[in-house]
Amino acid sequence: MDAAPQPSPAPALLATEALTVAYKTDEADRIALRDVSLSAAAGEVVGLIGPNGSGKTTFVRAVTGVIKPISGRILLSGRDASHLPQRDVARLVAVVPQEPTLPAAFTALECVLMGRTPYLRLLENESSRDIDASRRAMRETDTWELANRRLGELSGGERQRVIVARALAQETPVLLLDEPTAHLDVGHQVAVLSLMRTIARQQGKAIVSVVHDLTLAGQYCDRLVMLRAGSVIATGTPDEVLRPDLLADVYGLAVEVFPHPRTGRPVVAPSDQP
């Protein structure tokens, strides 16, 4: 009897191939990413983890075209990003930056509507579709009640959720998030990461998120990619990557890793042993 056909793997909506990025200094170029190859498929949440200075934010900036790699390729929905106009890149990938610059006098709704810019011609006003996309994104991030509030009046956590809403309103197949839970209390941290996982599943988006909290990364990410000094040290499921020996080596800290009592996913806690 013939074996049942296996389902085809979900397509990679984001892939990097041997991506290398360098920053110029007074003395010599400093390699920030070296031969980084990773992918994120439709419906998948990939967490980027690693100590400070390991290249996580540089990766986000390279994929979105803020900085240009010196070698390697970035593929967005199978298309080479280096051959695409910036408007097309902005229709394929949206980003939640680590330290966004926000005009304090703008309302939250006006900020979220900025996510629709890639779909508008020069001096064109937003359509009802743009308004609907922005309203939907704000409701998903629990910010619709802030729509008429000015950004300068919002707390850090409220502004962060508005920026997440702006990225969702962009309606791209790929979402990049650079510490999306920064400035958020634990309740909203869980809400944002849970929302990312739901959006990936229900809308078929590929999501790559920089996450510093290793336990949250283990709970909400399908795969983890660990960076150290610009290179990929490990990649795999949370169980495969969040190992005490590997974490001690990369972070220089003894930890205990144990399964969550309900989900079975790894929980990381500092060890009380020297």
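1. In this predicted model, isoleucine 207 offers a convenient point of entry. Setting aside neighbours within four places in sequence, isoleucine 207 is in contact with Glu44, Val45, Val46, Leu175, Leu177, Met196, Ile199 and Ala200.

2. Ile207 also belongs to the largest nonpolar core, a set of 48 residues. Ile49, Leu168, Leu175, Met196, Ile207 and Met226 are the members with the most contacts inside this core. Helix H5 supplies the largest share of the core, namely 7 residues. Another core, of 29 residues, lies apart from the 48-residue one and includes Leu38, Val46, Val89 and Val210.

3. The strands deserve attention next. Six of them form an open sheet with mixed pairing, in the order S6-S7-S8-S3-S9-S10. Strand S6 (93-96) and strand S10 (231-236) occupy the edges; each has a single partner strand, so one side of each is left without a neighbour in the sheet. From one strand to the next, the twist averages 15 degrees.

4. Which strand pairs with S7 in the parallel sense? Strand S8, covering residues 206-210, does so, over 5 bridges with strand S7, which covers residues 174-178. Within this pairing, leucine 176 stands opposite valine 208 of S8. As a general matter, strands of a sheet pair through backbone hydrogen bonds, in either a parallel or an antiparallel manner.

5. Helix H5 (residues 156-169) should be viewed together with the sheet. Helix H5 lies across S6 and S7 and runs at about 180 degrees to S6.

6. Helix H4 comprises 13 residues, 128-140. The distance from its first C-alpha to its last is 18 Å, close to the 18 Å expected at 1.5 Å a residue.

7. How are the buried residues of H4 placed around its axis? The buried residues are Asp130, Ala133, Ser134, Ala137 and Met138. They lie on the same side of H4, because the arc they cover around the axis is only 130 degrees. On the other side of H4, Ser128, Arg129 and Arg139 are exposed.

8. The packing of H4 links this helix to two others. Its buried residues pack against helix H3 (108-113) and against H5. H5 is thus mentioned in three settings: it lies across S6 and S7, it gives the largest share of the 48-residue core, and the buried residues of H4 pack against it.

9. A final point concerns the backbone just after H4, where aspartate 142 takes a positive phi of about 60 degrees.

Technical notes: Residues are numbered from 1 along each chain as its sequence is written. This is a predicted model: local features need pLDDT of at least 70, side-chain atom pairs count only at pLDDT 80 or more; totals for chains, interfaces and linings use all residues. Side-chain values use heavy atoms; hydrogens and water are left out. Two strands pair if DSSP finds at least two bridges between them. Helices (H or I, at least four residues) and strands (E, at least two) are DSSP runs, numbered from the N terminus. Axes are lines fitted to C-alpha atoms, for helices over the stretch in contact, and angles run from 0 to 180 degrees between N-to-C directions. Contact means heavy atoms within 4.5 Å. The expected span of a helix is 1.5 Å times one less than its number of residues. Buried means under 20% relative accessible area, exposed over 50%, partly exposed in between (1.4 Å probe, protein chains only). The arc is that of the directions from the helix axis to the C-beta atoms. A nonpolar core is a set of buried Ala, Val, Leu, Ile, Met, Phe, Trp, Tyr and Cys residues joined through side-chain atoms within 4.5 Å.
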